[in-house]
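Visitor: I'm new here, and I like to know the reasons behind the labels. Could you walk me through this one?

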Amino acid sequence: MVDFSLSDDLLEIQARAREFAQEEILPIAVEYDRKAEVPPGIAEKAKAAGMLNVTIPVEYGGMGYGAFQSAIIAEELGAACAGISITILVNGLALTPILIAGTEEQKEKFLRPVAEGAKLAAFCLTEREAGSDAGSLKTTALPDGDDFVINGRKCFITSGGLAEVMTVFALTDPERGPRGVSAIIVPADTPGIRVTKVEDKMGQRSSNTVELTFENVRVPQSNLLGKPGRGFPIAMQTLDFGRSGVAALSVGVARAALDYATAYAKERQQFGAPIITNQGISFMLADMAMKVEAARLLTWQAAWMADQGLKATGKSAMAKCFASDTAMEVTVDAVQVLGGYGYMKEYPVEKLMRDAKLLQIYEGTNQIQRLVIARQLGK
Ligand code: CAA
């Protein structure tokens with residue numbers, strides 16, 4: 001029997017996430033967007049509310065949530081501020097390689113301190129010349145005695161300047177190209193890691209996005225995740241999981257824009273009546289509402305599949321692509337419903353529009369999502 005209703009447990013998680021988002025994130029969203037800073041203490045507050053590192057199993061000090069519970073949380077956080085939320089949520093992406101391929105010892109050593117403290121983590125895959133073509137990365141992690149020595153540069157790394165632990169994808173066997181890529185856990189205080197650029201972004205400005213340079217960074221070979229040369233599939237599996245989270249974040253952004261535009265259209269009087277009584281506006285809002293509902297259902301399906309242990313590559317790409325395209329379309333339309341006011345920083349929809357744009361780009365551009373979907377067709 002198909003059931004689209006949320007269980008009592010999920011409703012409780014949703015209510016807690018909504019309360020946290022509306023009380024701790026929304027009131028500071030505009031201020032930190034302007035400052036282009038991560039709000040100090042936000043990780044601690046998220047941890048106290050049970051919203052940080054939620055996918056770490058209970059036995060390592062986490063909440064033990066799956067993709068569906070995470071998606072419920074991500075929508076609520078996204079409805080408050082995508083920028084602040086991505087700092088909280090990207091931990092899930094950064095730690096997934098450890099969940100997928102880590103040994104008991106690695107999980108104990110690296111997951112527990114992150115889960116028990118309010119620590120941030122970073123997923124270090126992208127490079128200047130290896131964005132959509134992630135397999136062409138050039139950072140090396142060459143074996144030297146019992147260590148790997150890492151050299152190279154990673155760019156657009158979310159939380160890269162704040163993280164205490166990083167999962168780094170680098171060539172341990174450069175001759176083998178993508179099949180020489182390994183996933184390695186790197187504590188951020190390892191000598192030789194420097195932030196060499198802090199990005200000044202259009203939207204999601206309250207997240208930390210940096211370039212990291214690794215210069216003779218020495219970590220023990222025991223930090224290798226899984227087998228040498230199998231890092232690329234670990235990155236891909238991680239993204240399969242993470243993309244339903246970005247989809248949920250996108251649903252939250254779109255929902256916030258729809259709710260604001262609807263309330264405004266009911267209030268705003270022109271020609272002697274609320275503007276929602278004009279078909280031009282009401283049909284626009286109806287289209288926005290349809291897209292939000294469809295995006296949420298696709299997101300829930302992708303997250304549910306991941307929790308069932310089903311291969312969710314195609315569905316999570318569909319959810320990420322459809323939901324972030326929805327967020328973009330709905331936020332642009334929300335600005336239009338508000339007219340001149342929508343374009344002004346005094347109203348929240350211009351920020352939602354700027355924030356939405358990045359959702360179509362990170363965790364794989366929507367062109368890459370379409371490529372992933374197309375490759376899955378007929379399988
Ligand atoms: N699960 C498991 N393994 C997978 C996989 C999946 N979903 N997809 C591919 N693989 C495996 C393949 O089986 C293959 O394995 P073998 O070596 O055993 O043959 C290997 O990975 C290579 O696969 P492909 O030949 O399909 O790889 P490709 O070079 O054609 O690239 C791609 C595939 C989908 C385009 C990939 O490069 C990609 O996803 N690019 C986008 C990168 C991206 O999403 N970056 C986001 C960075 S993180 C971020 O943005 C977060 C943030 O800051 C908020």
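Guide: Sure, here is a predicted model, and we'll take the ligand and then the aromatic rings.

Visitor: What surrounds the ligand, and which residues are closest?

Guide: The ligand has 25 residues around it, and the closest are S132, T158, R179, R243 and E363. By class, that shell has 11 nonpolar, 7 polar and 7 charged residues.

Visitor: Why is the pair of T158 and the ligand called a polar contact?

Guide: An N or O atom in the side chain of T158 is 2.7 Å from a ligand oxygen. The cut-off for such a pair is within 3.5 Å, so this one counts. R243 also puts a polar side-chain atom 2.8 Å from an oxygen of the ligand, while for D240 the partner is a ligand nitrogen, 2.9 Å away.

Visitor: How much of the ligand does the protein bury?

Guide: Alone, the ligand exposes 1100 Å², and the protein buries 74% of that. As for the location, the ligand sits in the largest pocket.

Visitor: Which helix gives the most to the shell?

Guide: That's α6, with 7 residues. Both α6 (231-267) and α10 (366-376) supply at least two.

Visitor: And the rings: how many aromatic pairs are there?

Guide: The count is 4. One of them is F68 with W300.

Visitor: What makes the pair of F68 and W300 tilted?

Guide: Their centres are 5.4 Å apart, with 50° between the planes. Under 30 degrees would be stacked and over 60 edge-to-face, so 50° falls to tilted. The pair links distant parts of the chain, 232 residues apart: F68 belongs to α3 (residues 67-80) and W300 to α7 (residues 279-307).

Technical notes:
Residues are numbered from 1 along each chain as its sequence is written. This is a predicted model: local features need pLDDT of at least 70, side-chain atom pairs count only at pLDDT 80 or more; totals for chains, interfaces and linings use all residues. Side-chain values use heavy atoms; hydrogens and water are left out. A residue is near a molecule or strand if one of its heavy atoms lies within 4 Å of it. A polar contact is a pair of N or O atoms within 3.5 Å; within protein, one must be able to donate a hydrogen and the other to accept it, and residues adjacent in sequence count only if both atoms are side-chain atoms. Accessible areas come from the Shrake-Rupley method with a 1.4 Å probe; for residues, only the protein chains shown count as cover. On a 1 Å grid over the protein atoms alone, a cavity is a set of points where a 1.4 Å probe fits but cannot get out, and a pocket is an open set with protein on both sides within 12 Å along at least five of seven lines; lining residues have an atom within 4 Å of a point. A molecule sits in a cavity or pocket if more than half of its atoms lie within 2 Å of its grid points. Helices (H or I, at least four residues) and strands (E, at least two) are DSSP runs, numbered from the N terminus. Ala, Val, Leu, Ile, Met, Phe, Trp, Tyr, Cys and Pro count as nonpolar, Asp, Glu, Lys and Arg as charged, and the others, Gly among them, as polar. Rings of Phe, Tyr and Trp (its six-membered ring) pair if their centres lie within 6.5 Å; planes under 30 degrees apart count as stacked, over 60 as edge-to-face and the rest as tilted.
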